[in-house]
Each structure stands twice: as structure tokens, then as C-alpha cells.
Amino acid sequence: MRRAHGGGTGTLPVAALLAVALLQALAATAPASAQSFLGFRALGVPIRALDARATAMGNLGIGLARVEISSTDPAASAGLLFPTFGVTMQPSWGSFDMEADSGTSRTNRLPLLGIGYPVRSLGGVVTASLSGHLEQRWVAKRNSTVVLNEVEVDVEDSYRNDGGTSVVRLGWAQRIGSRLSLGVSAGSYLGRVERVFDRELDSLAVGGEVYTFREQYAWNYSGFLAAAGFNLDPHPVIHVAGAAEWSGTLRELPRDDAPGEGNYAIPVRFSAGATGRLSPRLSLSVSGAYQDWAASDGFLAGVTSGRKWSYGAGAELHLIDGDSRSLPVRFGYRRLAPPFRFESEDPVESIWSLGAGLNLVETENNRLGWLDLAFERGSRSSAPLNERYWRGTVTVGISRR
Amino acid sequence: MVPRARAPGHVSGNPMTRRTPTTARATQRLAAPVHRRSRCSRGPVLVHGLLLAAAGGCSEALPTVQRGDLVRSGFATEVILEYGEFASGARVYGGYGRPSDLGAGFVAHDFGSRGGGGDGAQVGLEASSLLRFGRYPRSAQVLDTTGANVPDTVLTFLDGQLVMRFDTLSSVHNDRPVEIVAHALTEPWDGTTATWEYAIDSVGHRERWSVPGGGAVEEIGSATWDPETGDSIRIRVDSAWIAAWADTTDYSRGIRVSTSTPDVRLRVIAGVLRIDTRPSVNPDTIVKVPSSTENRTFIYAPVPRPPLKTLRVGGVPAWRTVMDLDVPSVLNGPDELCDVVGCPIEITADHVSYAALRFTTRPGVRSFAPSDTLPLDLRSVLAPDFLPKSPLGPSRSGPFGTLVPGEWFHPPAGEIVELAVTGLVRDLLRGETVDGDPVSNTIAVLSALEPLSVEYVSFDGPTSPAAPTLRIVLNFSLEDGT
């Protein structure tokens, strides 16, 4: 058993193989991204740091039973028996329309990397994660004309925003008794955004050897946040959880000669969820989150959304449920409240999801090696912007005894 | 790819290079790792593949929208700097290259003495091509009496034909037939340094022609070139001249090709001597064999004097215009710039989208006025202290230069010629090239191929009201956008 799941194949240990795969994946993938025009005057659109199981079940990252790695549920990892590593990848294909304009986008992202390490002497688990937070990746263009040397010259302006914030967290999850777990975490914002303004003149009209005017600035993000939460199993078939996350000011610091500095207040986020086991093979999950961005400081007037609530629900059915392996299928729905408007309408994001898992090795309450897949069809709207996307999520996790 | 479990003892790979185990022990050693691959052990390999597929499965494409309110505002304007604001020390250097670099060059007679325009008195251009043929062929492939193609090394040279070909586009002939005359030279001359005045004009050795323009000559023959009927003429050369020119130690041998038709200037593309030869293997046949050409040059008069107040480019030997640039990095105008971005405004290399030196054409001496498009080039002078022999940097006008129509230099002229110097101005504002190399602020304007023609072009100089200017297109981004 050990060789099959933790030892390795041939001469390469599994951990080494996964590390190689992760490095290759990181090298081949751009930073986590949410390609959206939402929040173009603020900090962009949120990255949901969820693994494929939570994604497929329409969960908001809280209250899901049998969770190994989570960045949003501080107490979730308390039940880990062995050191566990999980990585989630997320390719997506989007389209949008904005009045007469429309277009498409493609991206890859790594929304969540997480590690849990049980400390048996203390009865708790150390957790660490790197997850996406807010991102702004889009390009806008404008065509116009200027008169130079009595000649009307075509001009194309291009403005590219590329970057966002991530969060690195370190936490502790403690099991208290057989039903209650508590968890805390502290983290720091990371990341940068780069804004590039290109102005290109028609070389034929100007006279030749025309260089593109480029102004390129970058800002780094920094700040701290902390979270606390609990997991409770009041009954063998019921699991509930709750968490609160407090964030200090998110600072946008100019690099080199970039102008301006931003200080953004990130509101407290409260979240709660529950999972009910309806049969040995079927369970239902609901979750909700509250975050009031309306009064946040640092943003332009009218940018933040008045919507405060996000919620989601879903189900998981184990088609095959063996002693040490299982094959669950999942589906769910989420309705989210992105924090920033496009113009004046509060945005709404709704997602239908479907997924499956392959639990390669599991004990009664712990998965030791798994592969989860999720497929989503989502839409965001904040008039006049409408965005739609297909998104896949792959999570791979492994524990080492 | 997920490796498949194989039967014990199975060995994959090239059977020619992989040794098949023959003993039970060897079989066991090879088979053991295969046995260890249980179904679950393939999981990490599968994961590895899925991760890579997910990572590389789709490439990045940012959503792009045509929408002005999402784009930062920009401002473009044009600044014209007067000569004194960006340059100094404009001067003209001559003497680059020599007529022999152009081959047979030109033939002209009293060209440009009529008609207005130009700098000073109009003196007609006289020009002649000088050709010296080399050793005659020692053998030729001929048909013998049996019809076989055989080499013949016993050739009897008879008479010959001088074939001259002209450039029908750049030649100026007023659309009328031109009389071409061939003379035999009788005085020793140097095929590289001969000029209108001197038969030999090399370092430390000068010998004048007895008569300017080729010395004492003897007429060989003449022909009339009608541009409407073709681009070439033939002049018969009798056997006495063919025999005389066989002596390759005689440095006076050669042909002068000129014209007696006034007010024409023809560009000679080629001059070839074809010799009628009687082969020994078939004496009843006449074979034409071409003679090699040892020297090909042209001589002309008058030689243009250096300009006093104008700028000049082209000609042969060629002229170059040189000037020193000092592009200001702080601007206090024009008003439309200051109104938007405020003045004084410091400009950097990034602000310069386009820059061009602007020269105003002048009608030059008609005898040397261009009759065809002239490609101009602009290069950095890498060692200004060593002018006029400083090396030049790479072309800033591309391999074909900036093409300027010849008509722009005909009266009344006054056209603006722009030579793009965007990269140079950006380098000067940056203080170095993009590669970090030093940048010279001295530039030379020259013809893209040098020498290119006897024709040269003139521009208004720095003291003229139409002195060179520098046109700069500047771009700025404004803060009132997103």
C-alpha cells in the first residue's frame, strides 16, 4: 500500500514526481487570473480559492465535510492524519459582450496550493496555502485620429492591465474532542499589477520609422489578514462550519517611478456552511458568505457593489463506494456578489457546476490520494457588461504516511 | 504517456541494440520493476500528465474591448525645431569614391548650359567614357568542318564592334537621336585615376592630357543612337586597331566614347568590344568573341566646387552633408503642448514616436541635376574628430535609403525632404543606444550607394530661411483616464 501511494513508481518517488509536475505546471502557466472587466476602476474580480470538489458542489469554501486542504475554512484540516499536499489548476474559456463590443478570452490559473502537516505531539495541524484573491487582466483599445503636419493620422491606443493579488496563509487547526475543531490563520497579500499604455500612430501617414509610445508602470500589493473558524459535527451525519476573516488595509505601492499609492480597506468576510449526509452515498451542502464592500475606503465613488451576500448549494453522490476507493459525482450552483461594479449596476455572478472525483485511497474520514474534476458554466453581469465562461478545475491531492 | 504493464521478461526497445536476457537471473532483474507497478502506482503518472495537459491545454488570451472610457487618455503633438535649436556645424565634405567606381559612367556634351536655376553661372557638362580592353581570348569553342564543337587555340583576330548600351530612363537626350563617337586614345592613362585634366592623377604622379578630355585622339567611328529604337549602338572597329590593342603593355590603348550632340547626358550601362575571329579549325567561319574589359571609367568637366551656403549630397566623387545634433530634452513650446502637459516639459526617449530631419530642396546646377530618383541615407559619424575620414555607423534609412524624386531639385524646387531619425533622436535623448553603446551626435547625409551618379542634390543651408528643421512627434499619456 505504501509503495503504491506514497512510495513512488520505479525509482522516482511520488513526491518527486508531483514536485516535478507542479514545477512544470507553474512554468507553463501564467499567474492566477480572472479575466474580467469587472472592477476595472478598482481591484478587479475575486479569485475563488476553491478546489475542484468545492467548486463542483457549488460550495463557497466553508462547511464541506471531509476537507483536506482549504484556504477559506481555517479549521477544515484539523482531521488530517498525514502530511497532505493539494494543488488546483483551472483553465477557462470566456466570452463577453459590452453593448456593441464582444470578444473572447482564455486563461489558465492556479487558484490554490495548500499543505497540511499534522503535529501529533500537539494534536493539531499546521496549514499553509497560496491562493488567488483579486485579479485584473484585460485590454481596452481605442481608435482615433490626430492631425500632424496637416495630415490626419490614425491612432490606436491600447491599455493593458495585468496582475492582481494573492494571499499566502499560515494556520493552525486544532481538534477539540471528537466533534469540534477550531482553526486560525494569518496571511499576507502578495502580487503586483502592471499597467501598460501603448499608443501607435499610422506610420504611413506620419512618414515612417514610427515607434510605439509606451508607458508602463507597476505596483506591488501588500497587507495582512487573519481568519478564525470552527468545524462542528453535532451529529454523525451533520457537519457545520463558520469562519470570519479580517483584513488590514491592502496597500498598492508604486514600483520604480510609477505614480500614486493606493490604500484599500477590505471588509470583514463572514462565511458559514453545512453538509448533511442523507444516505451513506449522498450528501448535500449549503454555504453562504457576507461581505459588505459598500462602505470600503480607498475606492472611487460608486465603484463598490451594494450586494453583500453570496451563497451556494450542491450535492455529492458516491457512485462507487469501496472500502478504500470511491468515485463520487457532484453538482452545484453558486450565486456570488463580486465586490466591484462595471458602471453603476451591482454585479451578479452565477455558476452551475458539475464534477467527479477519483478517491484513490481513503480511510473512513480521510482521503490519502485523490483527483477531483469540476466543470462550470458561469456568467457575470453588471450592465452593460455581460460575461460568460466555461471553466474546468482539476485538483490533485496526496498524503504521505 | 502512461506506461503499460508488460509481461515478465518482455524487453522493449530496439531489438538490434537491446540484449535479450538469456538466464533466469537476468530475466528476473529486468522484470522486477514491471511487477511493482500496481494499478494504483500509475496514479502519480496520470496526475503528472493531467497537470501538464491542464497547464498547456490553452494559451493566454486577454479579453480585449474597443472602448475609449477604459483606456487612459493620450496626447500627441508635433514640434518643429528650428536649425539653431537642435543642430550646429553643418558642413559639406567631398571626395568620397571616384568615377571609375561607376564603370563607364556618363557621356555628355554641353549639358546644362541652357536653362535657368542653379548656383551661379551655368557651364555645360562635358563627359566621356574611357574603356581599355584586356587580353584577347586565347581560345574559343567553334564548330569544325565536321560540325563538331571543338576548342580552337589558334585564332586570327580580324576587326570588331564596339557595343555601347545606355540607360534609357535616366539618360537626358531631349527625345532626339544622339550622335555617339568613338576615338582611340593615344596617350598613356590610368584607368582608376584619370580625370578630364589628367591622364594619371595618382599619389605623387600626375600627368596631364595633352588636350583636356583625353588628349590627342584618333576617330574610330560613330553611330547614331535613337532612344526610340533601342538602348544600344554598334561602332565598327577596323582590324588595325584590333591588332594594335593586342599589345597589353601599351598603356595608351583605349577608347574614348563621347557625343557630339549638345545638351545631352547619357548614362552608360555597358561597353563591350566584340572581335571577329577566324578559327583555324574552320577558316571559312567568322566567330565573334568578346574581349575582357580592363578599365572602365569616365571623365568630366567642369568639376563642381564645394558649396558655400548650401548643403550637398551625391555626385562622384561624392559629397556628404555633416552636422552636429543637440536635441533639447526640455521644451517650452509650442502652445498646444504647453496647454495640455504644462511647460517646461522634459521629454524622454519614450515620448518620441517619430523624428525626422527636414531639408528644403534647392535647384542645383542643371548639368549635375538629378534626372532620376535619388536614394538618400543618414548615418552616424562614429569619430567626428577624424572627419572627413571618420567611419560611419549603420544606415538609419534602411537598405534602399529614402527615395527622393529628382524633379524636386528642378526649379523652383523648395520641396521638403524628410529623413527619419527617430531611433537616433531617442538614442540622443537617452544618452546611449538601446544596447547601452555610446551614441554620436554627429550625422552624415549621403547617397545610399556611394558614389551613385555624377548627379548631386542641394539643400538650403543653415543660414537660409529654409534651413533644416527637426520634426518631432511626441506622445504623452494623461492622468484623467482610468
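**Loops, helices and cores in a predicted two-chain model**

Me: Where in chain B does B:Asn174 lie?
Reply: In this predicted model, B:Asn174 sits in a loop of chain B. The elements on either side of that loop are strand S8 (155-166) and strand S9 (178-185).

Me: Is B:Asn174 buried or exposed?
Reply: A residue with 12 or fewer other C-beta atoms within 10 Å of its own is classed as exposed. B:Asn174 has 10 other C-beta atoms within 10 Å, so B:Asn174 is exposed.

Me: What is the phi of B:Asp175?
Reply: B:Asp175 belongs to the loop between S8 and S9 of chain B, and with 8 C-beta neighbours inside 10 Å it counts as exposed. In the same loop, B:Asn174 has a positive phi, near 55 degrees, in a residue other than glycine. B:Asp175 is not a glycine either, yet its phi is positive, at about 60 degrees.

Me: Which peptide bond of chain B, ending at B:Pro302, is cis?
Reply: B:Pro302 is placed in the loop between strand S17 (293-301) and strand S18 (310-314) of chain B. Omega is near 0 degrees for the cis bond, which runs to B:Pro302 from B:Ala301.

Me: What is omega for the cis peptide bond from A:Ala383 to A:Pro384?
Reply: A:Pro384 occupies the loop that links strand S17 (367-382) and strand S18 (385-399) of chain A. The bond leading to A:Pro384 from A:Ala383 is cis, with omega near 5 degrees.

Me: How many of the nine residues of helix H6 (residues 422-430) of chain B are buried?
Reply: Strands of chain B help to cover the buried residues of H6(B), including strand S22 (352-362), strand S26 (416-420) and strand S29 (469-478). Among the buried residues of the helix are B:Leu424, B:Arg426 and B:Asp427. H6(B) is therefore mostly covered, and its buried residues number seven.

Me: Which residue with a positive phi follows H6(B)?
Reply: The helix covers residues 422-430 of chain B. Directly after H6(B), phi is near 90 degrees, and the residue concerned is B:Gly431.

Me: Which residues touch the most other members of the largest nonpolar core?
Reply: The largest nonpolar core holds 103 residues. Beyond its neighbours within four places in sequence, B:Phe106 is in contact with residues including B:Ala127, B:Phe298 and B:Val454. The residues touching the most other members are B:Phe106, B:Ala127, B:Leu419, B:Val421 and B:Val425.

Me: How far apart are the C-alpha centres of domain 1 of chain B and domain 2 of chain B?
Reply: Domain 1 of chain B comprises 73-94 + 306-478, and domain 2 comprises 125-301. Their contact takes five residues from domain 1 of chain B and six residues from domain 2 of chain B. The C-alpha centres of these domains are separated by 43 Å.

Me: What is the radius of gyration of chain A?
Reply: Chain A contains four helices and 18 strands. For its 401 residues the globule rule gives 21 Å, and the chain comes close to that value, so it is as compact as a globular protein of that length; its radius of gyration is 23 Å.

Me: Is A:Leu278 buried or exposed?
Reply: A:Leu278 is found in the loop between strand S12 (269-277) and strand S13 (282-291) of chain A. Apart from neighbours within four places in sequence, its contacts are A:Ser283 and A:Leu284. Since 11 other C-beta atoms lie within 10 Å, A:Leu278 is exposed.

Note on methods: Residues numbered from 1 in each chain as written. Chains lettered and ligands numbered in written order. Predicted model: local features only at pLDDT ≥ 70, side-chain atom pairs only at ≥ 80, totals over all residues. Domains from an automatic or database assignment. Contact = placed C-beta atoms within 7 Å. Buried ≥ 20, exposed ≤ 12 C-beta atoms within 10 Å, placed from the backbone. Rg over C-alpha atoms; globule rule 2.2 N^0.38 Å. Core = buried A, V, L, I, M, F, W, Y, C linked by C-beta atoms within 7 Å.
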